[in-house]
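Grab a pencil and open the viewer. Below are some short exercises to work through, each with a solution.

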Amino acid sequence: DIPALRHLHEVTIADAMSDALDAARQPRVLPSDEELVVRADPDRAMGLPVAGAAAVTALLSGEQDVWLASCGGFYASPFGTEGEACPSPFWGCLECSNAVITGRKLPALLSFLSFIRTQRQALTEADWTTKFGRVHGRIADQILPRFSEAEIDEARQAAADPRLIYLRSEERRVGKRVR
């Protein structure tokens, strides 16, 4: 216990706890090859927020889809009350252990990534980092690298469809200053 190093120790512990929390709260990314294995034998699926063949099939078929992910617990959100709809904003899925990201979600993710990168030009660096820095890192650094370049290229073509990004007006105005 060296008083001069106490601050360094406290910062290190805080960073480690933050990293552990981040790891516990991230979505399950299911690249296409792993998705095929799970679809072939849904009873043996591990690490998904649902259990049993019917629930796994519903999750992967699109029945549980929200915009950026498939949700394994929309009425059992870690951010809300059991039995009530998830109160998190749509990009909160990228911080949720109930979320499962499959190749089917790549066009929406790429469309949203394009949107938040555009917002970087409209916001100050500090504002952009506060609003979008974490989710940008989640998509660009943790999710996209799990998919092949061919899958990403195909998704990028699909993401060009302007109907794909169905943001409410308040999300579209996120970077605009209200006077």
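The exercises below go from the overall fold to single residues, and they use a predicted model.

**Exercise 1. Work out the secondary structure content and its order along the chain.**

Start with the count: the chain has seven helices and three strands. Next, read along the sequence, and you get the pattern α-β-α-α-β-β-α-α-α-α. Now look at burial: of the 179 residues in the chain, 35% are buried. Last, take the contacts with a separation of 6 or more: 62% of them are between residues 24 or more positions apart.

**Exercise 2. Lay out the sheet and say which strands stand at the edges.**

Step one is the order. The three strands run β1-β3-β2 in an open sheet, with mixed pairing. Step two is the edges: β1 (28-29) and β2 (70-71) each have a single partner strand, so one side of each has no neighbour in the sheet.

Here's a general reminder before the next step: strands of a sheet pair through backbone hydrogen bonds, and the pairing is either parallel or antiparallel.

Step three is the pairing of β1 with strand β3 (residues 99-101), which is parallel and spans two bridges. To find one of the bridge partners, pick R28: its partner in β3 is V100.

**Exercise 3. Describe how α4 packs on α6.**

First get the geometry. Helix α4 (residues 106-122) meets helix α6 (residues 149-159) at an angle of about 70°, and their axes are 8 Å apart. Angles of 65 to 115 degrees count as roughly perpendicular, so α4 is roughly perpendicular to α6. As for the hand, the α4 and α6 crossing is right-handed.

Then list who touches whom. From α4 come L106, P107, L110 and S111, while α6 brings E151, I152, A155, R156, A158 and A159. Sorted by class, the residues of this α4 and α6 contact give seven nonpolar, one polar and two charged.

**Exercise 4. Do the same for α2 and α3.**

Geometry again: helix α2 (residues 32-40) and helix α3 (residues 53-61) cross at roughly 145°, and their axes come within 10 Å. The hand of the α2 and α3 crossing is left-handed.

For the contact, α2 supplies E35, V38 and R39, and α3 supplies V56, L60 and S61. By class, the α2 with α3 contact comes to three nonpolar, one polar and two charged residues.

**Exercise 5. Is K105 buried or exposed, and what does it contact?**

Begin by placing K105: it sits in the loop between β3 and α4. Its relative accessible area is 9%. The cut-off for buried is under 20%, so K105 is buried. Now skip its neighbours within four places in sequence, and K105 is in contact with D65, V66, W67, L68 and A69.

**Exercise 6. Is P145 buried or exposed, and what does it contact?**

You'll find P145 in the loop between α5 (125-143) and α6. Its relative accessibility is 54%. Over 50% means exposed, so P145 counts as exposed.

For the contacts, again leave out neighbours within four places in sequence: P145 is in contact with I139 and A140. Finally, check a distance across the chain. P145 and P31 are 114 residues apart along the chain, and their C-alpha atoms are separated by 9.6 Å.

Technical notes:
Residues are numbered from 1 along each chain as its sequence is written. This is a predicted model: local features need pLDDT of at least 70, side-chain atom pairs count only at pLDDT 80 or more; totals for chains, interfaces and linings use all residues. Side-chain values use heavy atoms; hydrogens and water are left out. Axes are lines fitted to C-alpha atoms, for helices over the stretch in contact, and angles run from 0 to 180 degrees between N-to-C directions. Helices (H or I, at least four residues) and strands (E, at least two) are DSSP runs, numbered from the N terminus. Angles under 35 degrees count as roughly parallel, over 145 as roughly antiparallel, 65 to 115 as roughly perpendicular and the rest as oblique. A crossing is left-handed if the near helix is turned anticlockwise from the far one by less than a right angle, and right-handed if clockwise. Contact means heavy atoms within 4.5 Å. Ala, Val, Leu, Ile, Met, Phe, Trp, Tyr, Cys and Pro count as nonpolar, Asp, Glu, Lys and Arg as charged, and the others, Gly among them, as polar. Two strands pair if DSSP finds at least two bridges between them. Buried means under 20% relative accessible area, exposed over 50%, partly exposed in between (1.4 Å probe, protein chains only).
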